[in-house]
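Visitor: I should like a close look at one part of this structure, namely the strand that carries Val42 and its surroundings. Please describe the contacts and charged pairs in detail.

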Amino acid sequence: DKVEKDGSGKSTLRMSADKRYEASVFCVASGSAEVTDCVHRVFITDLQSEDEYEIVGEELFIEAGRLIDNLKWINNHTISYDRWAGPHFGHRYVVDIQTKKQTGAFALSDQ
């Protein structure tokens, strides 16, 4: 229903440099009776075709406890975001919107 805010309190709505794609984070129903909280997901809109995509794939019980931060476009069709498991550890994901495939995943630590 509403675009989520990032860790610094700013909107997660991001436009690709060529203004073709728009990305944002929404908190949506999990679809599982076992996970009653909403889960944060990245949604992409192709502004030329009006197609909408949702990035999915993590295990629901892991995903439900992780927030998304640092959503950004690397180039006109590749997006990156961080999903933190706690205050010091998380993962960075890189997704190519044109091929609809994950192209990278990295462990993160601030220690």
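Guide: The account below begins with strand β3 and then turns to the core, the charged pairs and an exposed loop residue.

The model is a predicted one. Strand β3 covers residues 39-46, and β3 belongs to an open sheet of four strands arranged in the order β1-β2-β3-β4, with antiparallel pairing. The edges of this sheet are β1 and β4, the latter spanning 52-54, and each of these two pairs on one side only. Between β3 and β4, which run antiparallel, there are three bridges. At one position in this region, Thr45 stands opposite Glu52 of β4.

Strand β3 also takes part in the interior. The largest nonpolar core contains 14 residues, and Val42 and Ile44 are among those with the most contacts inside it, together with Leu71, Trp73, Ile79, Tyr81 and Ile97. Two or more residues of this core come from each of β2 (21-28), β3, β5 (67-73), β6 (78-84) and β7 (89-96). Val42 may serve as a point of entry to these surroundings. Leaving aside residues up to four places away in sequence, Val42 touches Ser24 and Val25, then Tyr53, Glu54 and Ile55, and further along the chain Ile68, Leu71 and Tyr81. Of these partners, Leu71 and Tyr81 are also named among the core residues with the most contacts.

A polar side chain reaches the backbone of this region as well. Arg83 lies in strand β6, and the side chain of Arg83 comes to 2.7 Å from the backbone oxygen of His40. Arg83 is classed as buried because its relative accessibility is 1%, against a limit of under 20% for that class.

The charged pairs may be taken next. Side chains of opposite charge can pair when their charged atoms come close. The model has four salt bridges by the rule applied here, and one of them involves β3 directly: Arg20 and Asp46 meet through their side chains, with an N to O distance of 2.8 Å. This pair connects distant parts of the chain, 26 residues apart, since Arg20 sits in the loop between β1 (14-15) and β2 while Asp46 is in β3. The two partners fall into separate accessibility classes: Arg20 is partly exposed at 25%, whereas Asp46 is buried at 4%.

Another salt bridge joins Arg92 and Asp82, with N and O at 2.7 Å. Here, too, distant parts of the chain are linked, with Arg92 in β7 and Asp82 in β6, 10 residues apart. Arg92 is partly exposed, having a relative accessible area of 26%, and Asp82 is buried at 3%.

Arg14 and Asp6 form a further salt bridge, in which the closest N and O atoms are 3.4 Å apart. Arg14 has a relative accessible area of 24% and is therefore partly exposed, as it lies between the limits of 20% and 50%. Asp6, at 16%, is buried.

Finally, the approach to β3 along the chain may be considered. Thr36 is found in the loop between β2 and β3. With a relative accessibility of 71%, Thr36 is exposed because that value is over 50%. The C-alpha atom of Thr36 is separated by 29 Å from that of Ile97, a residue 61 positions away along the chain. Ile97, for its part, is listed among the residues with the most contacts inside the largest nonpolar core.

Methods:
Residues numbered from 1 in each chain as written. Predicted model: local features only at pLDDT ≥ 70, side-chain atom pairs only at ≥ 80, totals over all residues. Heavy atoms only, no water. Core = buried A, V, L, I, M, F, W, Y, C linked by side-chain atoms within 4.5 Å. Buried < 20%, exposed > 50% of the residue type's maximum accessible area, 1.4 Å probe, protein only. Contact = heavy atoms within 4.5 Å. Pairing = 2+ DSSP bridges. Polar contact = N/O pair within 3.5 Å; in protein donor to acceptor, adjacent residues only side chain to side chain.
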